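Trainee: Please walk me through one part of this model closely, and tell me how the pieces there fit together.

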Amino acid sequence: MSEVVIEVGKRHIREVNEEIQATVASGDKVILRNTLSRHNLGIGLPDGAQMHVEGSAGYYCGGLNNGASITIERNAGWGAGEAMASGHITVGGYAGMSCGAAMLGGTIHVKGDTGPRCGVAMKGGNIVVEGKIGYQSGFMAHAGKIIALGGAGESCADALWEGEVWVAGDIGSLGVDVEVVEPTAEEVADVDAILSPLGLQDSSRNWRKMISGQRLWYFESRDANAWLMI
Amino acid sequence: MCGIAGRILKTAGKVGHDLVELMDAQEHRGSDSTGFAVYGVPRESGYVLRGMGFDKAQLDTDLDDFRHSLKQHNCDLLEEPAILTNQDDHYCVRMVISDPDDIARWIETADTLADRFEVQSCGRSLEIVKDIGSSEDVAEKHGVRDMIGTHGLGHARLATESSVLPNASHPFWARPFPDVAIVHNGQITDYYTWRAKLERKGYRFLTYNDSELIAVWVSDQMKNGLTMDQALRKSISSIDGVFTFMIAQMDSIGFAKDRFAMKPLVTVHADDELAAATEEQAVRRVVADGADVYNYDGPALTNIWYSAAQKAAAA
């Protein structure tokens, strides 16, 4: 696979994305240069495509990813990998708010911290964060796992559904309707299987696994006591 | 979904140029109107005013009446006004005036003309330029790229709760506090509650824009003894809504962000310089791609950045 450098600069992003799609269709790896942290780079890339972002990317980089491998050298703006179906995205630094929002599958690996609402409304896949996940991460996550190795901010896993939030490290506070449970050895092995290919497996971690308390699942406004419980 | 920006330079320079770049990169966040607050090298005495008249056919009458308001408070023009007229109905004026006896009382008198001519900024250093249109449109029309200063603010407006009018554009001056300006991205949901409280204290608002209110709210807190840092922190628990605002004074730019963490701010702060914007791609217009950015993505955040150049000028 040869590499093709695409200059971004102030070009129209639709034109840049058309060039990216044409390059990966011909089997070449894309190197994005001089991105100026522009938004919407590499949207909807197909299975087998490879793209590397030199420097940082703006909002929604790798959104709707459908099997591509994307690396971002430094930071990603809001919504990295939003609604991705499959593939792999690596963020070398910080990922802004709503990283992996509504994603369906695949893996996002963030080497730094994330902003608020990491994995908001995610419906599958895994988000691995070596640093800390921000405020209200996991908000209304329907499925999939958020795995934070460096802790979590306030209101962690707020209104979680069937997703799971795993945290090693300090947690600022729990969100509403969250239960912290002791993971089984089998569950820890599943998480290790996700971390191992990233070189992040460490058996000494003290995991806290968060799941939904399920009190909001069937909530009715007439049931005021349910609110008071939360 | 407005776009905001702040810039501090190490020494006085083309801050207008940088603010135009910061806003041009964020035009997609709101192209109803664009505005800039530029802090030039401060005057030792006298105030620079920026104003807008709404019917250029009445320009001579407006300015005569305005000058009369100055004389009622023992001040006058120090130089001929610079007047900008073009194809629009409204016109814009830059004036330099001597010190009135009491600035708050003078602006109260001047505001009796506000249905015809309104003062949009007043300060030893501050000048606010704002108008309908994109960053480039407003910059070209008003010569913003050539404005020299130490720091400033920029705003691209997507109108939500008030009209698309030249005078409803941001930034807003914190009437009647000289040299205080604000830009804001968000919505204040207890606007009318706070407006009524502030009006009972004697403050006047020329628009129904919530940003104008925040500027006065913060300034009033400081008038009552809080530091800027304390006022910004208090705003988070006192003002209801989702917001990120930046408020500038002659020596600094501060910011506050609400408890729900809905409105972004990205900064590069190094070597006595600041570039701040809603989006990183805007910051990248004025700082190198390799510079480390800081994302104020969390809830309930504040900070203040100081202008070393203004501090040196004051020393």
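**A close look at chain B**

Mentor: Let's start where the chains meet: twelve residues of chain B and 20 residues of chain A make the contact (C-beta atoms, placed from the backbone, within 7 Å). On the chain B side, five residues are charged, four nonpolar and three polar (Asp, Glu, Lys and Arg count as charged; Ala, Val, Leu, Ile, Met, Phe, Trp, Tyr, Cys and Pro as nonpolar; the others, Gly among them, as polar). This is a predicted model, where local features need pLDDT of at least 70, side-chain atom pairs count only at pLDDT 80 or more, and totals for chains, interfaces and linings use all residues. Residues are numbered from 1 along each chain as its sequence is written, while chains are lettered from A and ligands numbered from 1 in the order in which they are written.

Now look inside chain B, which splits into domain 1 (3–42 + 127–314) and domain 2 (44–123), with bounds from an automatic or database assignment. Their C-alpha centres are 23 Å apart. Where they touch, 16 residues of domain 1 of chain B meet 18 of domain 2 of chain B. On the domain 1 side, β7(B) gives the most, with four residues.

Next comes an open, antiparallel sheet of four strands, ordered β4-β5-β3-β6 in chain B (strands are DSSP E runs of at least two residues, numbered from the N terminus; a pair needs at least two DSSP bridges). β4 (82–84) and β6 (117–123) of chain B each have a single partner strand, so one side of each lacks a neighbour in the sheet. Within the sheet, β3 (47–53) and β5 (91–97) of chain B pair over seven bridges, and Tyr47(B) stands opposite Ile97(B).

Terms used:
Two residues are in contact if their C-beta atoms, placed from the backbone, lie within 7 Å.
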